[in-house]
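I sat down with this one over coffee and kept a few notes as I went. Here is the page, for anyone at the bench who wants to follow along.

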Amino acid sequence: MEHFREGLIVCDADGVVRHLSPVAARLVPEVVPGEVLAAAAMPALRGDDPGEFTHHGRRLRLRRVQLSAGRRCWYVEDVTERVSRADALLAERARSAFLAVVGEKLGNRYLSVRSSEHTVGSPALR
C-alpha cells in the first residue's frame, strides 16, 4: 500500500484509528493507530468535509467516506505539486492576457499616430 498515491485512515464508530496506511502515516504523522483521531490536533480531520489544507509545508486534500456500522474512512492525498502547477499556469495565463491587452493598446496607439502622420502628410492638406 505504500505505492498508492492516497493515504488511508480508517476509524471505528468511536473515532479511534483502526488502520493507518504508510502513505497516511508519512503525510499526517500526528495520527496514531489506537488513539482517537480528534487527539491528533488537526482541525481538518474533525470536520465533515475538510477539503484541502496546508500541513508541514505540503498541500493535502482530505476526503471522508462513511462506512458501515458508523465507521469512517479518510483518504489523504498530497496535491502540492498539482496545486503549484495550476498556480503557475494561472499566472502565465494572466501574464499573457496582460501582454495581449498592452500590446493591443500600444498597437492601436501606434496605428493612430501612423494614420495621423499619413493624413497630415497627404497632398490634400498642403
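My entries below go from the sheet to a few side chains.

**Entry 1, the sheet.** I am working from a predicted model, so I keep that in mind throughout. I looked up the strand order first and found five strands in an open sheet, running β2-β1-β5-β4-β3 with antiparallel pairing. Which strands stand at the edges? They are β2 (17–20) and β3 (51–55); each has a single partner strand, so one side of each is left without a neighbour in the sheet. I also noted the twist: neighbouring strands are turned by 25 degrees against each other on average, direction ignored.

**Entry 2, one pair of strands.** I then picked β1 (residues 6–11) and β5 (residues 72–78), which pair in the antiparallel sense over six bridges. To pin down the register, I checked Gly7 and found that its bridge partner in β5 is Val76.

**Entry 3, Ser21.** I moved on to the loop between β2 and α1 (22–27), where Ser21 is found. Is Ser21 buried or exposed? I have Ser21 down as buried, because its relative accessible area is 1% and the cut-off for buried is under 20%. Its side chain has a polar atom 2.8 Å from the backbone nitrogen of Leu8.

**Entry 4, rings.** I searched for aromatic pairs and the count came to zero. I did find a charge over a ring, though: Arg63 lies over the face of Tyr75, at 4.4 Å from the ring centre.

How values were computed
Residues are numbered from 1 along each chain as its sequence is written. This is a predicted model: local features need pLDDT of at least 70, side-chain atom pairs count only at pLDDT 80 or more; totals for chains, interfaces and linings use all residues. Side-chain values use heavy atoms; hydrogens and water are left out. Two strands pair if DSSP finds at least two bridges between them. Helices (H or I, at least four residues) and strands (E, at least two) are DSSP runs, numbered from the N terminus. Axes are lines fitted to C-alpha atoms, for helices over the stretch in contact, and angles run from 0 to 180 degrees between N-to-C directions. Buried means under 20% relative accessible area, exposed over 50%, partly exposed in between (1.4 Å probe, protein chains only). A polar contact is a pair of N or O atoms within 3.5 Å; within protein, one must be able to donate a hydrogen and the other to accept it, and residues adjacent in sequence count only if both atoms are side-chain atoms. Rings of Phe, Tyr and Trp (its six-membered ring) pair if their centres lie within 6.5 Å; planes under 30 degrees apart count as stacked, over 60 as edge-to-face and the rest as tilted. A charge sits over a ring if NZ of Lys or CZ of Arg is within 6 Å of the ring centre and within 35 degrees of the ring normal.
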